[in-house]
Amino acid sequence: MGKVASAMSMSLDGFVTGPNDSREHPLGVGGEVLHDWLGPAATAEDKEVLQEMVAGAGAILMGRRSYDFCVGEGGWGDGGPAGDLPCFVLTHEPPAEAPKVFTFVTDGIESAVAQAKAVAGDLTVGIHGATAAQQALAAGLLDELQVHLVPVLLGDGVRLFDLLGGAPVNLTRDRVVESSNGVTHLRYHVDPR
Ligand SMILES: NC(=O)c1ccc[n+]([C@@H]2O[C@H](COP(=O)([O-])OP(=O)(O)OC[C@H]3O[C@@H](n4cnc5c(N)ncnc54)[C@H](OP(=O)(O)O)[C@@H]3O)[C@@H](O)[C@H]2O)c1
């Protein structure tokens, strides 16, 4: 079986979006800077990190807010965040219609991870979305945590680590890639509890 890894771009003050994220501003107002390293500002180091993620991905898992902000025209078009790669969406109420790469999961994180792992086989299930990633961590289902640390302080927005409660989660640093544009790509193994 492949691993389950969350991969999120985060500001130095812990936000994965700026304030007021919406369909118009999926990364919040001013939060677009978080994904500059995936676009025109990408350095050779960024491209290598991204290529490794793309090559290793077998399925994606996200929450309904991430889906709603980017699905369809003006976002992912006819596919998902990675074209035809299967994508599982946690939700309480599936939409009436959706591009065929999406499967909606209404019975919780354990079920969503199990379904995504079954499809991904030996490849990685990539978790996008702060709520989904934290649920996987809290349930002991996350093997790896990738934080793409962007040198900006956003001050407000969606936090990556605000729902974990009091129980510590121990991590072992696995790799650090320092990009010349200031982004630091951090990768940790999640230690067994
Ligand atoms: N910085 C980055 O790299 C990055 C990457 C991906 C996304 N983002 C951004 O992060 C934001 C989204 O993150 P988020 O944490 O706010 O939301 P999210 O995880 O994308 O979605 C949360 C929603 O998913 C549904 N959900 C979650 N867990 C569920 C469960 N166990 N059972 C049923 N439904 C469940 C609920 O929606 P319903 O109740 O409506 O069904 C919940 O409100 C977006 O702005 C997105 O653009 C940033």
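**Cavity and ligand shell**

Tutor: Strand E8 contributes the most to the lining of the largest cavity, namely three residues. The model is a predicted one.

Student: What makes a residue such as His185 part of the lining of the largest cavity?

Tutor: A lining residue has an atom within 4 Å of a cavity point. His185 is listed in the lining, together with Val49, Glu52, Gln146, His148, Arg175, Leu186 and Arg187, so each of these residues meets that cut-off. Helix H1 (44-56), strand E6 (144-150) and strand E8 (184-190) are the elements that each give two or more residues to this lining.

Student: Why are three residues of this lining counted as charged?

Tutor: Glu and Arg belong to the charged class, and the lining includes Glu52, Arg175 and Arg187; therefore these residues are the three charged ones. The lining also holds two nonpolar and three polar residues.

Student: What makes the pairing of Arg65 with the ligand a polar contact?

Tutor: A polar side-chain atom of Arg65 lies 2.6 Å from an oxygen atom of the ligand. The cut-off is 3.5 Å between N or O atoms, so this pair qualifies.

Student: Why does the backbone of Gly63 also count?

Tutor: A polar backbone atom of Gly63 is 3.4 Å from a ligand oxygen atom; this value lies within 3.5 Å, so the pair is a polar contact. Leu90 likewise has a polar backbone atom 3.4 Å from an oxygen atom of the ligand.

Student: How much of the ligand does the protein bury?

Tutor: The ligand alone exposes 930 Å², of which the protein buries 83%.

Technical notes
Residues numbered from 1 in each chain as written. Predicted model: local features only at pLDDT ≥ 70, side-chain atom pairs only at ≥ 80, totals over all residues. Heavy atoms only, no water. 1 Å grid on protein atoms, 1.4 Å probe; cavity = no way out; pocket = protein on both sides within 12 Å on 5 of 7 lines; lining within 4 Å. Helix = DSSP H or I, 4+ residues; strand = E, 2+ residues; numbered from the N terminus. Polar contact = N/O pair within 3.5 Å; in protein donor to acceptor, adjacent residues only side chain to side chain. Areas by Shrake-Rupley, 256 points an atom, 1.4 Å probe, with all protein chains shown as cover.
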